[in-house]
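Subject: Structure handover and notes

Dear colleague,

Here is the structure I promised to pass on to you. Please open it alongside this message, as the notes below go through what was found in it.

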Amino acid sequence: MIMKFDDATLEEEAERLYSHLVKVGWSKSDCEIIAPLTLEINHIKKEKNAVILAHSYQRPDIIFGVADYSGDSLGLSKAAAATDADIILFAGVVFMAETAKILSPDKTVIVPRRDAGCSLADSITAEDVKNLKEQYPGIPVVAYINTNADIKAEIDYCVTSANVIQIVNSIESDSIIFLPDHNMANYIRKETGKEVIDWKGVCVVHEEFIPESVIEVKEMHSDIMVIAHSECPPDVLEKVDMVGGTSDMKNFIENNPDTKKLFLVTECGLSDRFAIEYPDREFYGTCSLCPYMKKNDMKNILDALVNPQEDQIIDLDVDLMNKARKSIDKMLAFNI
Ligand code: SF4
């Protein structure tokens with residue numbers, strides 16, 4: 001730590017953190033330990049005109065301690081496009097920081113851990129996409145936002161779990177290529193009735209869920225609502241009450257105040273975030289940790305903000321960014 005804070009300031013910050021984090025099991029002394037770090041990070045953000053965008057799967061101390069905006073990939077993309085900060089520190093994984101850079105090419109975009117990949121994004125190369133296009137000429141190529149910039153430069157439409165069905169339905173073709181998520185491709189096929197040529201990628205987090213967990217929790221709680229992310233396997237999705245992305249889950253909770261018991265079949269960070277934001281609800285069941293998302297912590301965020309190393313600064317070729325931006329802009333134009 002470089003900066004010093006007086007006892008009253010540290011106590012006030014620890015209390016602020018505790019008021020949120022107690023709901024997910026943090027003690028007051030845990031909060032006292034991180035208070036100097038959150039104070040320093042928030043101070044440096046102001047000094048450098050920086051913002052921290054944090055994905056909902058980040059640790060709750062990052063989301064409630066230092067993030068200026070937290071949300072899903074779509075919300076974060078919009079926040080990246082709208083910010084007037086000079087620096088965006090992306091507490092998430094690398095493809096998200098790349099998306100922020102594509103949308104804000106004049107800003108400095110920093111990612112604390114360059115090795116924070118994603119099993120979906122890393123499952124496919126630009127060469128693979130070119131081969132698919134050669135194999136299926138004229139078929140529109142739709143890709144999940146969980147792809148690296150060179151993939152986005154090769155596709156027609158970028159989508160997130162929040163808008164994928166609406167965008168695929170709007171495409172005037174009965175067939176699409178969808179990549180890289182095999183499970184989401186199954187879901188699109190079922191929801192749209194279109195022919196979907198897919199890729200073999202899976203999310204290592206959502207792939208782990210099994211239908212038995214859903215059956216078990218429903219047997220224990222007859223009044224529970226089970227919502228699963230569309231990255232889950234089809235046999236899990238068949239057993240749940242609703243399928244959707246992060247924003248669908250949030251909207252459901254907000255629009256259904258009488259639904260008190262929920263099981264979110266997704267990454268643990270989101271369940272933690274919702275447990276803090278909706279204290280009148282009870283969240284049941286198991287969740288799963290993303291090993292990539294959890295590489296970020298308060299210390300590496302502070303280091304990256306104070307003195308970003310070359311490999312922590314996102315640097316993309318301008319032509320590549322311009323090509324990739326077209327598919328993202330088409331998605332944002334939907335305004336979903
Ligand atoms: S949760 Fe799955 S899709 Fe999201 S970053 Fe982790 S591996 Fe990738």
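The residues around the ligand, meaning those with a heavy atom within 4 Å of it, are Y57, C118, S119, L120, N146, C203, V204, V205, E231, C290, Y292 and M293. Of this shell, nine residues are nonpolar, two polar and one charged, where Ala, Val, Leu, Ile, Met, Phe, Trp, Tyr, Cys and Pro count as nonpolar, Asp, Glu, Lys and Arg as charged, and the others, Gly among them, as polar.

Please bear in mind that this is a predicted model, in which local features need pLDDT of at least 70 and side-chain atom pairs count only at pLDDT 80 or more, while totals for chains, interfaces and linings use all residues. Residues are numbered from 1 along each chain as its sequence is written, and side-chain values use heavy atoms, with hydrogens and water left out.

The largest nonpolar core (buried Ala, Val, Leu, Ile, Met, Phe, Trp, Tyr and Cys residues joined through side-chain atoms within 4.5 Å) has 90 residues, and F178, L179, I188 and V265 are those with the most contacts inside it. Its largest share, seven residues, comes from helix 5 (residues 94-103); helices (H or I, at least four residues) and strands (E, at least two) are DSSP runs numbered from the N terminus. A second, separate core of 27 residues includes C31, I41, I44 and A304.

Because 10 of the 10 residues of helix 5 are buried, this helix is largely enclosed by the rest of the structure; buried means under 20% relative accessible area, exposed over 50%, and partly exposed in between (1.4 Å probe, protein chains only). Its cover includes strand 1, helix 4 (73-82), strand 3 (87-91), strand 4 (108-110), helix 7 (149-152) and helix 15 (318-333). F90 is found in strand 3 and is buried, with a relative accessible area of 2%. Not counting residues up to four places away in sequence, F90 touches (heavy atoms within 4.5 Å) L53, L76, M96, A97, A100, I110, V111 and P112.

Two backbone features deserve a look, given that most residues other than glycine have a negative phi, and most peptide bonds are trans. A cis peptide bond, with omega about -5°, joins L179 and P180, and P180 lies in the loop between strand 7 (175-179) and helix 9 (182-192). N49, in the loop between helix 2 (28-48) and strand 1 (50-55), has a positive phi near 50°, and at 34% relative accessibility N49 counts as partly exposed.

Best wishes
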